[in-house]
Amino acid sequence: MMRCECPSLWKESIVIPLNKKENPTVPTDFRPISLTSQLCRIYERCLLKKILQHLDTIKFWNNDQHGFRPKKSTVTCMLEAVNDWTESIDEGAQVDVIYLDYAKAFDRVPHEILLEKLVEINLNPNLIKWIRSYLSNRKFSVKVNNELSTQKHSQCGVPQGAVLSPILFGIFVNEIPSILPSGIRCKQFADDIKIYTAIPKSDTIEDHETLMQSAIDSVYLRSAFFICFPRSSVFKVRLLAVTFCSAIMFYLLRLLFYTISLN
């Protein structure tokens with residue numbers, strides 16, 4: 001530990017594929033969860049506390065990130081977005097929403113760029129050295145039906161299921177709102193991103209379509225530069241147009257949001 005090195009045994013993991021769908025048929029229907037050393041997990045929790053304290057001290061998190069943070073959740077993420085949407089609907093506008101979801105997000109984080117980001121936020125140099133050691137030369141085996149595969153080396157990514165992985169990934173994607181064009185709002189929960197814009201009746205839809213496409217391009221190009229896999233599968237996209245037809249549901253959610261805020 002004094003040498004800021006992670007023991008080799010702590011860098012070995014057993015990957016358990018968990019079903020993401022009811023009847024999985026292809027490898028992408030499974031979520032790879034890494035079972036790591038219990039001693040390593042205890043030590044990671046100690047480091048996690050230090051990292052979180054540092055991030056709070058420098059006020060690192062963007063206000064639109066609802067993952068990895070106390071008193072934030074998928075519920076607060078959705079409610080804040082719904083509140084923005086209903087306010088726009090109140091003003092007679094349409095709201096266009098794009099849902100972005102990184103494919104295999106944790107598996108695709110390039111180590112060197114992540115470590116550069118840790119340097120940029122002035123994390124303790126010894127801690128960065130340990131994380132570098134922790135991420136390098138990792139080995140894993142896949143376990144299915146009590147059968148264990150041969151060990152393979154992990155070239156990039158953070159092990160899904162490890163204690164430090166969520167916070168490291170959060171640091172990696174925290175800058176997304178800052179690269180969006182003016183007029184585009186954003187809400188994040190880990191690797192799930194909602195970008196949206198209000199279209200007043202006086203504006204043309206075509207202008208806002210161009211703006212939304214510019215936002216998608218910004219996220220895509222930045223992600224394609226960072227992610228260490230082919231760019232064609234960086235993320236999945238879903239579109240939702242919020243209009244008066246769905247206003248009743250959003251008003252009910254908005255009422256819930258205000259109730260939670262008062263409590």
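Eight of the nine residues of helix α5 are buried, so this helix is largely enclosed by the rest of the structure. That is a good place to start a walk through this model, which is a predicted one. The buried members of α5 are S165, I167, L168, F169, G170, I171, F172 and V173.

**The chain as a whole**

Stepping back for a moment, the protein chain holds seven helices and nine strands. It has 263 residues, of which 44% count as buried. Take the contacts between residues at least 6 apart in sequence: 69% of them join residues at least 24 apart. On the outside, the chain exposes about 14,900 Å², and carbon and sulfur atoms supply 57% of that area.

**Helix α5 and its partner α3**

Back to the enclosed helix. Which helix has an axis that comes within 10 Å of the axis of α5? The partner is α3, residues 111-120, and its axis crosses that of α5, residues 165-173, at roughly 80°. Such an angle falls between 65 and 115 degrees, which means that α3 is roughly perpendicular to α5. On the α3 side, the contact is made by I113, L114, K117 and L118. Helix α5 contributes L168, I171 and F172, and these three residues are also among the buried ones of that helix.

**V173 and D64**

V173 belongs to helix α5 too. With a relative accessible area of 5%, V173 is buried, because buried means under 20%. Leaving aside neighbours within four places in sequence, V173 is in contact with Q65, Q188 and A190. Its C-alpha also lies 7.5 Å from that of D191, a residue 18 places away in sequence.

Now look at D64, which sits in the loop between α1 and α2. Is D64 buried or exposed? D64 has a relative accessible area of 18%, so it counts as buried. Not counting residues up to four places away in sequence, D64 touches P177, C186, K187 and Q188. Q188 is therefore a shared partner: V173 is in contact with it, and D64 touches it as well, while both V173 and D64 are buried.

**Positive phi in the α1–α2 loop**

The loop between α1 (38-57) and α2 (74-90) also holds F68, and K71 lies in the loop between these helices as well. F68 has a positive phi although it is not a glycine, and K71 likewise has a positive phi without being a glycine. Here are the two side by side:

| Residue | Phi | Relative accessibility | Class |
|---|---|---|---|
| F68 | about 70° | 23% | partly exposed |
| K71 | about 65° | 84% | exposed |

So the loop offers three settings: D64 is buried, F68 is partly exposed and K71 is exposed.

**A nonpolar patch on the surface**

Finally, let us visit the outside. Which residues make a nonpolar surface patch of about 260 Å²? They are I14, L35 and L148. Of these, I14 is found in strand β1, residues 12-19. I14 has a relative accessibility of 31% and so counts as partly exposed.

Terms used
Residues numbered from 1 in each chain as written. Predicted model: local features only at pLDDT ≥ 70, side-chain atom pairs only at ≥ 80, totals over all residues. Heavy atoms only, no water. Patch = residues over 30% accessible without salt bridge, like charges linked within 9 Å, V, L, I, M, F, W, Y side chains within 5 Å. Areas by Shrake-Rupley, 256 points an atom, 1.4 Å probe, with all protein chains shown as cover. Salt bridge = Lys/Arg side-chain N within 4 Å of Asp/Glu carboxyl O. Helix = DSSP H or I, 4+ residues; strand = E, 2+ residues; numbered from the N terminus. Buried < 20%, exposed > 50% of the residue type's maximum accessible area, 1.4 Å probe, protein only. Axes fitted to C-alpha atoms, helices over the stretch in contact; angles between N-to-C directions. Parallel < 35°, antiparallel > 145°, perpendicular 65-115°, else oblique. Contact = heavy atoms within 4.5 Å.
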